[in-house]
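The report below is meant to be read alongside the sequence and the three-dimensional model. Please keep both in view while following the text.

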Amino acid sequence: MTDLFSPFALRGVTFRNRIGVSPMCQYSCSDDGKPTDWHLAHLVSRAVSGVSLVIAEASAVTPEGRITPRDLGIWSDAHIRPHARLAGAIAAVGAVPAIQLAHAGRKASRRPPWETGAAEPGWQTLGPSAAPFDGFAVPRAMSEDDIAATIAAFVAAAERAVQAGYRLIELHGAHGYLMHSFLSPLSNRRNDRWGGDFEGRTRFACETARAVRAAIPETMPLVVRISHTDWVEGGWTTEESVELGRRLKVLGVDAIDVSSGGSSNAQAVPLGPGYQVPGAEAVRRGADIPVLAVGMITEPAQAQAILAEGRADMVLLARGFLREPYWAMKAAVALGRTGALAIPPQYARGWTSLGEMEMDRATAEPMPAL
């Protein structure tokens, strides 16, 4: 029986347990896309809780690939040093630092969600077709040159991520953003080799994964996040996700991060605890590839059951960590597994009274000055 606190390996990386921090857009950069003190405090505080994996938020591979002007980016060499500071701090407290590489496609050029509306000034968005997301600007249908340049931008961003010290790369192929918009017939209306049938609609995802895999170290895990379904009649389906998983595995992708939705406001999502886990399970079993499960996973016993039942290989939390940065520590206490979690000595007095917890003394070593 797989345990929440058992190690997990992908390629040359071993995770100390099965708990990870999902990428969460913070919209807290200036328009240069560089990480700030906010990102450092936000992500390192989650890493301190004892999780094994921390994925930095969607980082745009081009300036026009940002959701908003305040998004994180990694489109130039000027981004490497601040990302290195962020990745190094996450690693210093024992978690594997990872980054999600992204292009927002037709859902770009927006304001932060608490403001709503289009960015001002905005920019021309791109998509597989000139088909806008509900109420958004009409994107420019990408040419062959646009597609080639975007795949090259993902590769260059991946190479920068390696230089910055990230140890896992995730490609964002979910939530209606560029890669997902190529997959879904709701947004991809092309009749050339990048659209039409399943082969054409999956070409962009497959070619991007192939190119990134070739550009990063053999020992570095590559993960792709997908929406396993659009939750819309005539949209992308779970069955297609299973077949995509099979193809990505052949291309050297090591795991699939299974989410859902995002292509249309007409989506009928059956919200509830673990509502996306059936999609993760379907991809895991059908494609025979490790999966990361997400979506309203809130309770330690729930997370443990998902793993014990063989439905996923790791669980990722986002909102759960916004509410409780030290969720992993609380899970160890709740499940009677305090002996399986090493915590920073600086925090020991707050937790050892709740059970025997090993101290990760390396975490007490001085970090670089700000």
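What follows describes a predicted model, beginning with its sheet and then turning to its helices.

## The barrel and its strand pairs

The strands form a closed barrel of eight, which runs in the order β3-β4-β5-β8-β9-β10-β11-β12 with parallel pairing. From one strand to the next, the twist averages 30°. Strands of a sheet pair through backbone hydrogen bonds, either parallel or antiparallel. The table lists strand pairs from this barrel, together with the bridges that join them.

| Strand pair | Sense | Bridges |
|---|---|---|
| β4 (residues 53-60) and β5 (residues 96-102) | parallel | seven bridges |
| β5 and β8 | parallel | four bridges |
| β8 and β9 | parallel | five bridges |
| β9 (residues 222-227) and β10 | parallel | five bridges |
| β10 and β11 (residues 291-293) | parallel | three bridges |

Individual partners allow the register of these pairs to be followed in the model. A60 has A102 of β5 as its bridge partner, and A98 stands opposite L168 in β8. Further along, H172 is partnered by R225 in β9, V224 is partnered by I256 in β10, and D257 is partnered by L292 in β11.

## Two covered strands

Strand β8 (residues 168-173) is mostly covered, with six of its six residues buried. L168, E170 and H172 point one way from the strand, while I169, L171 and G173 point the other way, and the residues of both groups are all buried. H172, in the first of these groups, is the residue whose bridge partner in β9 is R225.

Strand β10 (residues 255-259) gives a comparable description, being mostly covered with five of its five residues buried. Here A255, D257 and S259 point one way and I256 and V258 the other way, again with all of them buried. The bridge partners already named fall on both of these sides, since I256, the partner of V224, and D257, the partner of L292, point in opposite ways from β10.

## Helices that link and cover the strands

On one side of β10 in sequence, a right-handed β-α-β unit is made by β9, helix α7 (residues 238-250) and β10; on the other, β10, helix α8 (residues 277-287) and β11 make a right-handed β-α-β unit. Helix α7 also packs on the sheet, where it touches β9 and β10, and its direction makes about 165° with that of β9.

Helix α7 has a helical neighbour as well, for helix α6 (residues 203-215) packs with α7 at an angle of about 25°, their axes lying 10 Å apart. That angle makes α6 roughly parallel to α7, and α6 passes α7 in a right-handed crossing. The contact is made by A205, C206 and A209 on the α6 side and by L244, R247 and L248 on the α7 side. An α-helix has 3.6 residues a turn, so residues three or four places apart point the same way.

## Helices α1, α2 and α3

How many of the eleven residues of helix α1 (residues 37-47) are buried? Eight are, so this helix is largely enclosed by the rest of the structure. The buried residues of α1 are H39, L40, H42, L43, V44, S45, R46 and A47, and they pack against β3 (19-21), β4, α2 (80-92) and α10 (319-323).

Helix α2 also meets helix α3 (residues 144-164): their axes come within 8 Å and cross at roughly 50°. This makes α2 oblique to α3, and α2 passes α3 in a right-handed crossing. In this contact α2 contributes I80, H83, A84 and A87, while α3 contributes R160, Q163 and A164.

Which residues does A161 contact, leaving aside its neighbours within four places in sequence? A161 lies in helix α3 and, at 0% relative accessibility, counts as buried. With those neighbours left aside, A161 is in contact with I74, I99, Y166 and I169. Of these, I169 is one of the buried residues of β8. The C-alpha atoms of A161 and H79 are separated by 9.3 Å, although these residues are 82 apart along the chain.

Methods
Residues numbered from 1 in each chain as written. Predicted model: local features only at pLDDT ≥ 70, side-chain atom pairs only at ≥ 80, totals over all residues. Heavy atoms only, no water. Buried < 20%, exposed > 50% of the residue type's maximum accessible area, 1.4 Å probe, protein only. Pairing = 2+ DSSP bridges. Right-handed = clockwise from strand over helix to strand, strands pointing away. Axes fitted to C-alpha atoms, helices over the stretch in contact; angles between N-to-C directions. Parallel < 35°, antiparallel > 145°, perpendicular 65-115°, else oblique. Left-handed = near helix turned anticlockwise from the far one by under 90°. Contact = heavy atoms within 4.5 Å.
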